[in-house]
Structures are given as C-alpha cells and as structure tokens.
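Student: I'd like to get better at reading pockets and single residues in a model. Can we work through one together?

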Amino acid sequence: MVETLEDVRRDLTERLDCAAKQRKSAMHVPTVVTSDVDARVMVLREFDREAWTLRFHTDTRAPKVAAIEADPRMAALFYDQSAKMQIRVRGRGRILREGPVTQRAWEASDNFARRCYLGDGPGAFSDVPMSGLPPEFEGVEPNDEQLIPARPNFAVLLFELEQMDWLYLAHTGHMRARFDRKDGDWQGRWVSP
C-alpha cells in the first residue's frame, strides 16, 4: 500500500529496476521521446538507482542521436496495464560513443544482437521490405571478426532523470505524485490526477 511520498519513490525505484532487469516486465520497453518530438519504443538496458540514469543502446547513425546532441531534453513513458501504473520521466540524454560504459555494454551484448549495427543505418530507404542487415547475416550470427565494422555504429544513450511522475489508476480514485530533482535530491509532492 502506498501512503507516503517515500513509498511512491521506493515504488518508482523498484519498478524501474525491475523494468531494466526483467525482459518480461511490462515496463521493459518504454516509449522514449526526443526534443524533436519523435517517439520510439526502446529496450531499457539498465537503471542506475544511485546516479538516477537509464541506459539504452542506439545506432550512432539514428536520427535520434543528432536530435539528442542538438538538444538533450528527453522524456519516456512506462506503462504497466495489469498494475494500472504509469510512470513518466523527463531529463537529459547523452550519447556515449566511447569509454568504459559503452565498451562494457558492447561486450555484454551477444553477437546476434551486435549484428544489428552492421547493416544500413536506421531510416535507410529501400524499394523492397528489408531488415537492413547484410544478406549474409540474415538469421545468422556473425563471429567476432565479422563484427569489427559494427562497433563504430554502436553507442549508449544515457538518460539522466530530472523529473518523475507516478500515476496509479484505480476505480476508487487515481493517485499521482511528482518528483523533481534539485541539487541531487528528489523533492516530491502529491498532484491531482
């Protein structure tokens, strides 16, 4: 039962943590929005509860990368229909092409997932339906050597949370709380749904 703002913050933390760790979590694939008001579903790879960051993977050639680098404001929407729970977050994105966070993320991925960074960049046009993968890797897992050209196309999108909005939908009356991050601390307040 949620009775205090601290209960809500704990619930937010647990739900984001679960969303990153459990592939079957309803919140594992939130809708992510960039400042150019473009939205897409992305897989949440990690939630850092100390730094309050969300980690996603992206292709450096994707239009969202240029949008984030031009204006880092972002938002994401998480929704769990069975729990009647909506979480909206706002913050700033950073694209990490190199460095230890990006290298660890690359190394933690399997070769089947890494092959996505071998083909045409996201948004490439075609006259026929296509996956964008080179034909030799359609349904085939490349080896480490074949993946060398893919690494420069891989990056981490690190989303630093600045605001969280928690909404519980109930027939007896919805409950909503909002948290704003000020000087590293979260300040919460109840909000009318």
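Tutor: Sure, residue classes come first: Ala, Val, Leu, Ile, Met, Phe, Trp, Tyr, Cys and Pro count as nonpolar, Asp, Glu, Lys and Arg as charged, and the others, Gly among them, as polar. By that scheme, the second largest pocket is lined by six nonpolar, two polar and six charged residues. Keep in mind that this is a predicted model, where local features need pLDDT of at least 70 and side-chain atom pairs pLDDT 80 or more, while totals for chains, interfaces and linings use all residues. Numbering runs from 1 along each chain as its sequence is written, and side-chain values use heavy atoms, without hydrogens and water.

Student: What counts as a pocket, and what is a lining residue?

Tutor: On a 1 Å grid over the protein atoms alone, with a 1.4 Å probe, a pocket is an open set of points with protein on both sides within 12 Å along at least five of seven lines; lining residues have an atom within 4 Å of a point. Volume is the space filled by probe spheres set on the points, which are joined across faces, edges and corners. Here, the largest pocket has about 550 Å³. Its lining has 29 residues, and Asp59, Ala113, Cys116, Tyr117 and Pro122 are the closest to the centre.

Student: Which elements give two or more residues to that lining?

Tutor: Helices (H or I, at least four residues) and strands (E, at least two) are DSSP runs numbered from the N terminus. For the largest pocket they are β2 (39-41), β4 (53-59) and α4. The second largest pocket, about 290 Å³, takes its largest share, three residues, from α1.

Student: Asn111 sits in α4 (residues 111-114). Is Asn111 buried or exposed?

Tutor: Buried means under 20% relative accessible area, exposed over 50%, partly exposed in between (1.4 Å probe, protein chains only). Asn111 has 12%, so it is buried. Setting aside neighbours within four places in sequence, Asn111 is in contact (heavy atoms within 4.5 Å) with Glu141, Pro142, Asn143, Asp144 and Leu147.

Student: And what about cysteines: how many disulfides are there?

Tutor: A disulfide is a covalent bond between the sulfur atoms of two cysteines. The test is a pair of cysteine sulfur atoms within 2.5 Å, and this structure holds zero disulfides. Cys18 is partly exposed because its relative accessibility is 26%, and Cys116, at 47%, is partly exposed as well.
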